[in-house]
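Here's a quick tour of the fold, to read with the model open beside you. We'll go from the overall layout to strands, a helix, some rings and the inside space.

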Amino acid sequence: MGAGSADDTSFMADAVGAIGTETFGSQLDVLVDHYCRIDFCACYRIASDRVDVVAMSDPNRFESATRIDTYANGKLWETDPALHQAFVGLESNSLSYARLRRTDIADHRLRDVVYTHLVDRLLVCYKNKAATYAISLLRWRSSAPFLYGDIESLLSRSPVIMALVDRHFVSSVKHGRPADAFASRELAEQCLRAVSGMPARECEVCARVIFGFSLPAIASDLGISVDTVKSYVKRAYQRIEIGSQRELVVAYLEYWEGWARSRILS
């Protein structure tokens, strides 16, 4: 398709309209597939110590949700040769790309767990003042490798595509997902320590209250008496001016929204 065609405008409008919603990944898939046929795409925000998943095509396709979780949270991105190659390109340009075949992968976990049926992968990375993003485009199973024309077609549109990814990420962070606040008790403790002003022990106790621990369970988990737990709870409630577990959860969610946003954007 030629740049600026009516079809281009329609696909772009659908992707723009999905920014900040759960349908963004699927609309981005449709847009990219229009320029360069793909079987799957996933977008990431890259930091020095972590990779955040921004969006993806249908997560059930090729069991991709599990694969991507292994890649991001299992830190397999650290051994991703395409990511390393693309980052070399970012040293002198804001946009860079690399390709990856399954036979190029040395890490057996990356090869045999994440990219079991990989034919070809095109990884496009973009760096602006605030962040570095990567979009991973896959040809899978019986598909043919990317042709040079496919890559040129995509790269010519990549600045606009990456701008959409950036806007989606910022919009998603701004609105936040309350469910993420309950991803782990350890994260809850980190949040309370950073924001609430409570001492470490009170944060440990309150995090367990938030996660539904009974007072005896908290005492057993921390190796202290039930009366000591009660004292910590009373002091914590007084400190943040609340009077119940329900109010603690509400206060924690308010803390989480600001803390998680600053943590991700840092």
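Phe-211 makes a handy way in: its relative accessible area is 28%, so it counts as partly exposed. Keep in mind that this is a predicted model. The chain around Phe-211 has 11 helices and 5 strands, and we'll come back to that ring under the aromatic pairs.

**Overall layout**

- The C-alpha trace spans about 70 × 40 × 35 Å along its principal axes.
- Of the 266 residues in the chain, 46% are buried.

**Aromatic pairs**

- The structure has 7 aromatic pairs.
- One of them brings together Phe-182 and Phe-211, with ring centres 5.9 Å apart and 55° between the planes, which makes the pair tilted.
- This pair links distant parts of the chain, as its two residues sit 29 residues apart. Phe-182 belongs to the loop between helix 6 (148-175) and helix 7 (185-195), while Phe-211 belongs to the loop between helix 8 (200-210) and helix 9 (215-222).
- Like its partner, Phe-182 is partly exposed, in its case with a relative accessible area of 34%.
- Follow the ring pairs further and you get a cluster made up of Phe-182, Phe-211, Tyr-252, Trp-256 and Trp-259.

**Strands 1 and 2**

- Strand 1 (residues 40-46) and strand 2 (residues 51-56) run antiparallel and are joined by 5 bridges.
- The two make a hairpin, with 4 residues between them.
- To find your place in the hairpin, look for Tyr-44, which has Val-53 of strand 2 standing opposite.

**Strands 3 and 4**

- In a regular strand, side chains alternate between the two faces of the sheet.
- Strand 3 (residues 95-100) has one covered face, with Ser-96, Ala-98 and Leu-100, and one uncovered face, with Leu-95, Tyr-97 and Arg-99.
- Strand 3 runs antiparallel to strand 4 (residues 118-127), and 6 bridges hold the two together.
- Tyr-97, from the uncovered face, has Val-124 as its bridge partner in strand 4.

**Helix 2**

- Helix 2 (residues 24-35) has 12 residues and reaches 17 Å from first C-alpha to last, close to the expected 16 Å.
- An α-helix has 3.6 residues a turn, so residues three or four places apart point the same way.
- Which residues of helix 2 are buried? They are Phe-24, Gly-25, Leu-28, Asp-29, Leu-31, Val-32, His-34 and Tyr-35.

**The cavity**

- Rolling a probe the size of a water molecule over the atoms shows where empty space is left.
- The count comes to 1 cavity of 30 Å³ or more, and the largest cavity has a volume of about 120 Å³.
- It is lined by 13 residues, and the closest to its centre are Phe-40, Ile-68, Val-114, Tyr-115 and Leu-138.
- Strand 1, helix 3 (64-73) and strand 5 (132-140) are the elements that each give two or more residues to this lining. Helix 3 provides the largest share, 4 residues.
- By type, the lining residues are 10 nonpolar, 2 polar and 1 charged.

**Arg-139**

- Arg-139 is found in strand 5.
- Is Arg-139 buried or exposed? Its relative accessibility is 4%, so Arg-139 counts as buried, the cut-off being under 20%.
- Arg-139 and Asp-39 are 100 residues apart along the chain, yet their C-alpha atoms are separated by 5.3 Å.

How values were computed. Residues numbered from 1 in each chain as written. Predicted model: local features only at pLDDT ≥ 70, side-chain atom pairs only at ≥ 80, totals over all residues. Heavy atoms only, no water. Expected span 1.5 Å × (residues − 1). Buried < 20%, exposed > 50% of the residue type's maximum accessible area, 1.4 Å probe, protein only. Pairing = 2+ DSSP bridges. Phe/Tyr/Trp six-rings, centres within 6.5 Å; stacked < 30°, edge-to-face > 60°. 1 Å grid on protein atoms, 1.4 Å probe; cavity = no way out; pocket = protein on both sides within 12 Å on 5 of 7 lines; lining within 4 Å. Points joined across faces, edges and corners; volume = space filled by probe spheres on them. Nonpolar A, V, L, I, M, F, W, Y, C, P; charged D, E, K, R; others polar.
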